[in-house]
Amino acid sequence: MKKIYLVLFSLLSLLSAQAQNDYFFPGKKFNPNILPPDAFLGYSIGTHHTRYDQLAAYFEYLSTVSDRVKYQTTGRTYEYRPQLMVLFSSPENISNLESIRKQHLVLTDPNQAMPEVKTMPVVMQLGYNVHGNEASGGEAAILTAYYLAACQDFAVEAMLKQAVVFIEPVINPDGRDRFVNWVNMHKGMP
């Protein structure tokens, strides 16, 4: 009997993941070896606010299953939550981050000759959830991370060859968790 429930749960999880991908990313194909957020978290994005520890765990998970992701902790908040900066790029760029950093540093030195910028990957930083009650930012960061880590679309793969994207999924983890805990504690159904 337990096997039947396990098979049924697995099928429902796959259908739920497909439904959420169709809603947020219509027509996109994703690496089936990378869990979408709803399969990892146990609920669909938008139905429940994601605590910061769950959000950080998903980003760390992505770094273990995708060669497009590098997870790093840059410090701790006042309440000792890890402050994250997660990089997304092509595997080639991820393995050459120090070289890319040095190339970009030359751009800041007026005494250096201008490098050939057309061949340099652009560096972008996406910061989410500045204020604690901006809960949709953290949820959007999860979806963006999944898209960059798992989407098998040619345009995404080409963009990652030309860019290094730094995602700071939550700039204010302490404020986010205070708000998320309050909302999740007081929400009702429906």
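Which residues is Val 106 in contact with, leaving aside its neighbours within four places in sequence? The first view answers this, and the others move on to the rest of the predicted model.

**View 1. Val 106 in helix 5 and its contacts.**
Val 106 belongs to helix 5. Once its neighbours within four places in sequence are left aside, Val 106 is in contact with Gln 112, Ala 113 and Pro 115. The relative accessible area of Val 106 is 26%, which makes this residue partly exposed, because the partly exposed class covers values between the buried limit of 20% and the exposed limit of 50%.

**View 2. Pro 115 in the loop that follows helix 5.**
Pro 115 sits in the loop between helix 5 and strand 3. Not counting residues up to four places away in sequence, Pro 115 touches Gln 103, Val 106, Leu 107 and Met 120. Along the chain, Pro 115 and Gln 103 are 12 residues apart, and 7.6 Å separates their C-alpha atoms. Like Val 106, which has a relative accessible area of 26%, Pro 115 is partly exposed, with a value of 24%.

**View 3. The hairpin of strand 1 and strand 2.**
Strand 1 covers residues 69–76, and strand 2 covers residues 82–88. These two strands run antiparallel and are joined by seven bridges. One pairing to find is that of Val 69, whose bridge partner in strand 2 is Phe 88. Strand 1 and strand 2 form a hairpin, with five residues between them. Tyr 80 is in the loop between the two strands. Its phi is near 65 degrees, a positive value in a residue other than glycine. Is Tyr 80 buried or exposed? Tyr 80 has a relative accessible area of 65% and is exposed, because exposed means over 50%.

**View 4. Strand 4 and the strands that pair with it.**
Strand 4 (163–168) pairs with strand 2 in the antiparallel sense, over three bridges. In this pairing, Leu 87 stands opposite Phe 166 in strand 4. Strand 4 also pairs with strand 3 (residues 122–127), here in the parallel sense and over six bridges. Leu 126 stands opposite Ile 167 of strand 4. Five of the six residues of strand 4 are buried, so the rest of the structure largely encloses this strand. In a regular strand, side chains alternate between the two faces of the sheet.

**View 5. Asn 129 in the loop after strand 3.**
Asn 129 is found in the loop between strand 3 and helix 6 (135–150). Its phi is near 55 degrees, again a positive value in a residue other than glycine. Tyr 80, in the hairpin turn, is exposed at 65% relative accessible area, whereas Asn 129 is buried at 3%.

**View 6. Pro 36 between helix 1 and helix 2.**
Pro 36 lies in the loop that connects helix 1 (2–24) with helix 2 (37–41). Its relative accessibility is 8%, so Pro 36 counts as buried. Leu 62 is 26 residues away from Pro 36 along the chain, and the C-alpha atoms of the two are separated by 9.6 Å.

**View 7. The second largest pocket.**
This pocket has a volume of about 150 Å³. Which element supplies the largest share of its lining? That element is helix 5, with five residues. Strand 1, helix 5 (97–106) and strand 4 each supply at least two lining residues. Among the residues of the lining are Lys 70, Leu 87, Arg 101, His 104, Val 123 and Phe 166. Two of these have appeared in an earlier view, where Leu 87 stands opposite Phe 166. By type, the lining divides into seven nonpolar, two polar and two charged residues.

**View 8. The protein chain as a whole.**
The chain has eight helices and four strands. Along the sequence they follow the pattern α-α-α-β-β-α-α-β-α-α-β-α. The chain has 190 residues, and 38% of them count as buried. Its exposed area is about 11300 Å², of which carbon and sulfur atoms supply 60%. Among contacts between residues at least 6 apart in sequence, 68% join residues at least 24 apart.

Technical notes
Residues numbered from 1 in each chain as written. Predicted model: local features only at pLDDT ≥ 70, side-chain atom pairs only at ≥ 80, totals over all residues. Heavy atoms only, no water. 1 Å grid on protein atoms, 1.4 Å probe; cavity = no way out; pocket = protein on both sides within 12 Å on 5 of 7 lines; lining within 4 Å. Points joined across faces, edges and corners; volume = space filled by probe spheres on them. Nonpolar A, V, L, I, M, F, W, Y, C, P; charged D, E, K, R; others polar. Buried < 20%, exposed > 50% of the residue type's maximum accessible area, 1.4 Å probe, protein only. Contact = heavy atoms within 4.5 Å. Areas by Shrake-Rupley, 256 points an atom, 1.4 Å probe, with all protein chains shown as cover. Pairing = 2+ DSSP bridges.
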